[in-house]
Amino acid sequence: GQEFEVGFDAGLLNDRLGVEFTYYSQSRSDAIIPVSVRPSTGFPGVQFKNHGEITNDGFELQLSGTPYESNDFGVDLTLSIANNESEITDMGGAAPGILQTGNPTTSWAQQLFVEGFPLGAIWQKKVVSADITGSGATAAATNVMCEGGAILDQATDDFPISGGGGAAVPCDQAPHVYRGTPIPTWTISGSTNVSIGRNLRVYAQVDYKGGHTMIDGNAAGSHIALFRQTRAILERTDPILLGIESLGRDGRNQSGLIDASFARLRRIGVTYDFPQSVAGNIGAERMSLTLSGQNLWLIWRATSEMFGHPLIDPEVRATVGEVTDPGGLSAYTRRFRPI
């Protein structure tokens with residue numbers, strides 16, 4: 001691996017304001033990737049070789065300050081902003097690699113390693129329009145159109161992929177298009193520490209993560225993939241949802257594909273420092289009591305429902321044995337395993 005990094009630290013206004021900034025550009029070569037074995041060898045399958053190259057570029061910025069301070073009251077504020085963009089720049093001519101077990105047409109989240117795109121990117125057909133024939137239980141989608149786009153050179157015949165952005169085409173002719181990265185590209189954290197008197201401190205932290213996509217497996221399963229018990233799929237009046245249903249296996253997860261950005265009250269705490277005389281009664285130099293809570297409030301999320309079905313926590317990930325990080329799927333459970 002190689003990395004270029006540049007940054008600076010600065011203290012301003014008699015160190016009441018601090019600034020820290022870092023920019024980095026990282027490259028890792030000889031990454032291990034599966035390469036298809038030539039049929040002429042007589043041994044079908046894949047062989048792991050050191051062919052891949054991955055880059056990460058981004059920056060980190062932290063601002064810290066003390067806007068007010070006295071003998072009886074003080075406020076400290078900190079704001080951190082980070083951005084990271086990953087890209088697979090070389091796969092040694094290999095076909096797209098599959099993040100999970102199986103093949104792209106059966107892989108649960110259809111996550112692939114594709115040259116020119118982020119690690120573990122999600123690829124799915126995207127329904128953009130459809131008509132409905134019939135009504136009630138007999139309603140079905142017709143004229144289902146999906147997003148098109150130029151087919152990438154790395155695509156295989158049985159799983160065409162595209163960066164998208166093309167004119168709509170019939171879904172049976174449409175490629176699987178890039179739907180986003182499961183890894184947050186933006187992370188923002190703000191915190192405050194308030195001192196009241198000489199003994200009481202209050203701390204709070206709010207986090208934001210965004211720029212990433214995931215599949216809410218409970219929504220997808222409830223609509224189409226498994227249970228089919230939501231109001232939307234039973235009433236059958238939404239043409240896009242019925243268009244997704246018409247895709248069969250290719251559409252089973254699309255009804256749960258979401259922008260996973262969110263903001264959360266990550267942590268809040270109150271600490272009381274007992275006077276020295278109280279601590280001395282038990283032979284201690286210092287004694288304090290802290291009450292704290294974590295993940296108390298999901299302040300905002302980019303997607304709160306899919307076709308009327310409420311979504312669960314955007315930080316939930318399925319990371320059991322057969323799913324490898326960066327997991328692009330959330331679900332309550334996938335499989336019971338013996339302890």
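## A buried disulfide and its surroundings

Cys 171 counts as buried, at 6% relative accessibility. Its partner is Cys 146, which is also buried, with a relative accessible area of 0%. Both values come from a predicted model. A disulfide joins the two residues, with an S to S distance of 1.9 Å. The structure holds 1 disulfide. The link of Cys 146 and Cys 171 is right-handed, with 95° about the S-S bond. Cys 146 lies in strand E9, whereas Cys 171 lies in the loop between strand E11 (166–170) and strand E12 (176–180), so the pair ties together parts that are 25 residues apart in sequence. Burial was assigned to both cysteines because each falls under the 20% limit of relative accessible area: the value is 0% for Cys 146 and 6% for Cys 171.

The overall composition of the model was examined next. The protein has 339 residues, of which 37% count as buried. It contains 4 helices and 21 strands. Contacts between residues at least 6 apart in sequence were also surveyed; 60% of them join residues at least 24 apart. Mean pLDDT is 87 for the protein. A pLDDT of 70 or more is reached by 87% of the residues. Residues 333–339 have pLDDT below 50. In the model, this stretch has 10 contacts beyond near neighbours in sequence.

The disulfide cysteines both belong to the largest nonpolar core. This core has 15 residues. Val 127, Val 144, Cys 146 and Cys 171 have the most contacts inside it. Two or more core residues come from each of four elements: strand E8 (127–133), strand E9 (140–148), helix H2 (231–235) and helix H3 (239–246). In soluble globular proteins, nonpolar side chains tend to be buried together. Another core lies apart from this one and has 7 residues. Among them are Val 114, Ala 121, Phe 159 and Ile 161.

The contacts of Cys 146 were then listed, leaving aside neighbours within four places in sequence. They include Lys 125, Lys 126, Val 127 and Val 128. Ala 167, Ala 168 and Val 169 are also in contact with Cys 146. Further contacts of Cys 146 include Cys 171, Ala 174 and Leu 247.

Strand E9, which holds Cys 146, takes part in an open sheet of 3 strands. The order is E8-E9-E11, and the pairing is antiparallel. E8 and E11 are the edge strands, each pairing on one side only. Neighbouring strands of this sheet are turned by 20° against each other on average, direction ignored. E9 and E11 pair over 3 bridges in the antiparallel sense. Within E11, Val 169 stands opposite Cys 146. Helix H3 lies across E8 and E9 and runs at about 95° to E8.

The loop between H3 and E16 holds Arg 249. Arg 249 counts as partly exposed, at 47% relative accessibility. The C-alpha atoms of Arg 249 and Ile 224 are separated by 9.8 Å; these residues are 25 apart along the chain.

A second open sheet has 3 strands in the order E16-E15-E21, with mixed pairing. Its edge strands are strand E16 (257–259) and strand E21 (329–330), each pairing on one side only. Strand E15 (residues 213–216) runs antiparallel to E16, and 3 bridges join the two. Thr 213 stands opposite Asp 259 in E16. Helix H1 (residues 217–225) packs on this sheet and touches E15 and E21. The direction of H1 makes about 45° with that of E15.

Further antiparallel pairing involves strand E13 (residues 186–196). E13 and strand E4 (residues 73–90) pair over 11 bridges. In this pairing, Leu 79 stands opposite Gly 190 in E13. E13 is also joined by 11 bridges to strand E14 (residues 200–210), and these strands run antiparallel. Ile 196 stands opposite Leu 200 in E14. E13 and E14 form a hairpin with 3 residues between them. Gly 197, in the turn, has a positive phi of about 65°.

Definitions and conventions
Residues are numbered from 1 along each chain as its sequence is written. This is a predicted model: local features need pLDDT of at least 70, side-chain atom pairs count only at pLDDT 80 or more; totals for chains, interfaces and linings use all residues. Side-chain values use heavy atoms; hydrogens and water are left out. A nonpolar core is a set of buried Ala, Val, Leu, Ile, Met, Phe, Trp, Tyr and Cys residues joined through side-chain atoms within 4.5 Å. Buried means under 20% relative accessible area, exposed over 50%, partly exposed in between (1.4 Å probe, protein chains only). Contact means heavy atoms within 4.5 Å. Two strands pair if DSSP finds at least two bridges between them. Axes are lines fitted to C-alpha atoms, for helices over the stretch in contact, and angles run from 0 to 180 degrees between N-to-C directions. pLDDT is the predictor's confidence in each residue, from 0 to 100. A disulfide is a pair of cysteine sulfur atoms within 2.5 Å.
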